[in-house]
Amino acid sequence: TWMLTTGAEERSDCIAACQHLVNAGGVENILIVGYSYGALIGTSVCNEVDQVRGYVAVSYPFGPAPLRWILGHWFAHSFTAKPVLHVMGTADNFTGIALFLNKMEEFNGGCERPNLQVHKEEDQDHFWYGREQHLFQDIIWPWVQKSCLGG
């Protein structure tokens with residue numbers, strides 16, 4: 001179960017999937033999009049595969065278990081020069097928006113990171129039920145076009 005794992009297996013799986021895309025599929029540009037626990041995994045592997053051009057973290061969970069990983073070896077991997085988009089709802093059930101913004105500022109040392117964008121979605125909870133199309137079409141895809149495809 002995800003609360004008891006260190007994430008090492010999931011992290012290894014994500015890296016292997018990216019390497020398979022590159023080696024077997026000839027893929028040159030990969031964007032990792034992770035939701036909740038998957039956002040933790042995505043942030044931890046973005047620098048492990050050169051062809052990963054950026055990542056999107058949706059509803060990133062700052063809580064007791066995730067903080068255990070973040071404060072350990074995981075968060076160092078999330079510092080990257082690659083484009084990063086964090087999407088958080090202002091009514092997130094697990095991580096309040098104030099806590100999220102405070103932790104982001106704390107981990108960034110109060111410094112601006114030009115490659116990092118945070119999108120706050122008003123009145124959105126942790127779960128995007130029925131709003132997945134809006135999430136992709138109106139938030140993620142325009143960011144990908146601008147930040148990853150140079151459009």
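**Exercise 1. Which residues does Thr-80 touch, not counting residues up to four places away in sequence?**

Solution. The model is a predicted one, in which local features need pLDDT of at least 70 and side-chain atom pairs count only at pLDDT 80 or more, while totals for chains, interfaces and linings use all residues. Residues are numbered from 1 along each chain as its sequence is written, and side-chain values use heavy atoms, with hydrogens and water left out.

Step 1: place the residue. Thr-80 sits in the loop that runs between helix H3 (64-78) and strand E3; helices (H or I, at least four residues) and strands (E, at least two) are DSSP runs, numbered from the N terminus.

Step 2: list the contacts, where contact means heavy atoms within 4.5 Å. With residues up to four places away in sequence left out, Thr-80 touches Cys-46, Asn-47, Tyr-55, Arg-113 and Asn-115.

Step 3: look for polar contacts, each a pair of N or O atoms within 3.5 Å; within protein, one must be able to donate a hydrogen and the other to accept it, and residues adjacent in sequence count only if both atoms are side-chain atoms. The side chain of Thr-80 makes such a contact with the side chain of Asn-47 at 2.7 Å, and it also reaches the backbone nitrogen of Lys-82 at 3.0 Å.

**Exercise 2. Decide whether Thr-80 and Ala-81 are buried or exposed.**

Solution. Step 1: fix the scale. Buried means under 20% relative accessible area, exposed means over 50%, and partly exposed lies in between (1.4 Å probe, protein chains only).

Step 2: apply it. Thr-80 has a relative accessible area of 11% and is therefore buried, whereas Ala-81, at 74%, counts as exposed.

Step 3: add the setting of Ala-81. This residue also lies in the loop between H3 and E3, and its C-alpha atom is separated by 8.8 Å from that of Pro-114, which is 33 residues away along the chain.

**Exercise 3. Work out the order of the strands in the sheet and how they pair.**

Solution. Step 1: begin with the chain, which has five helices and four strands and which, read along the sequence, follows the pattern α-β-α-β-α-β-α-β-α.

Step 2: assemble the sheet, counting two strands as paired if DSSP finds at least two bridges between them. The four strands form an open sheet in the order E1-E2-E3-E4, with parallel pairing. Its edge strands are E1 and E4 (116-121), each of which pairs on one side only, and the twist averages 15 degrees from one strand to the next.

Step 3: check individual pairs. E1 (residues 30-35) and E2 (residues 52-58) pair in the parallel sense over six bridges, with Val-52 in E2 as the bridge partner of Ile-30. E2 and E3 (residues 84-89) pair in the parallel sense over four bridges, and here Val-84 in E3 is the bridge partner of Tyr-55.

**Exercise 4. Describe the faces of E1 and the helices that accompany the sheet.**

Solution. Step 1: recall that in a regular strand the side chains alternate between the two faces of the sheet. In E1, the covered face holds Ile-30, Ile-32 and Gly-34, while Leu-31, Val-33 and Tyr-35 make up the uncovered one.

Step 2: follow the chain from E1 through helix H2 (residues 37-45) to E2, a β-α-β crossover that is right-handed, meaning that, with the strands pointing away from the viewer, the path from the first strand over the helix to the second runs clockwise. Eight of the nine residues of H2 are buried, so this helix is largely enclosed by the rest of the structure; among them are Tyr-37, Leu-40 and Val-45.

Step 3: add two further helices, with axes taken as lines fitted to C-alpha atoms (for helices over the stretch in contact) and angles running from 0 to 180 degrees between N-to-C directions. Helix H1 (residues 8-23) packs on the sheet and touches E1 and E2, its direction making about 155 degrees with that of E1. Helix H5 (residues 132-148) lies across E1, E2, E3 and E4, running at about 160 degrees to E3.
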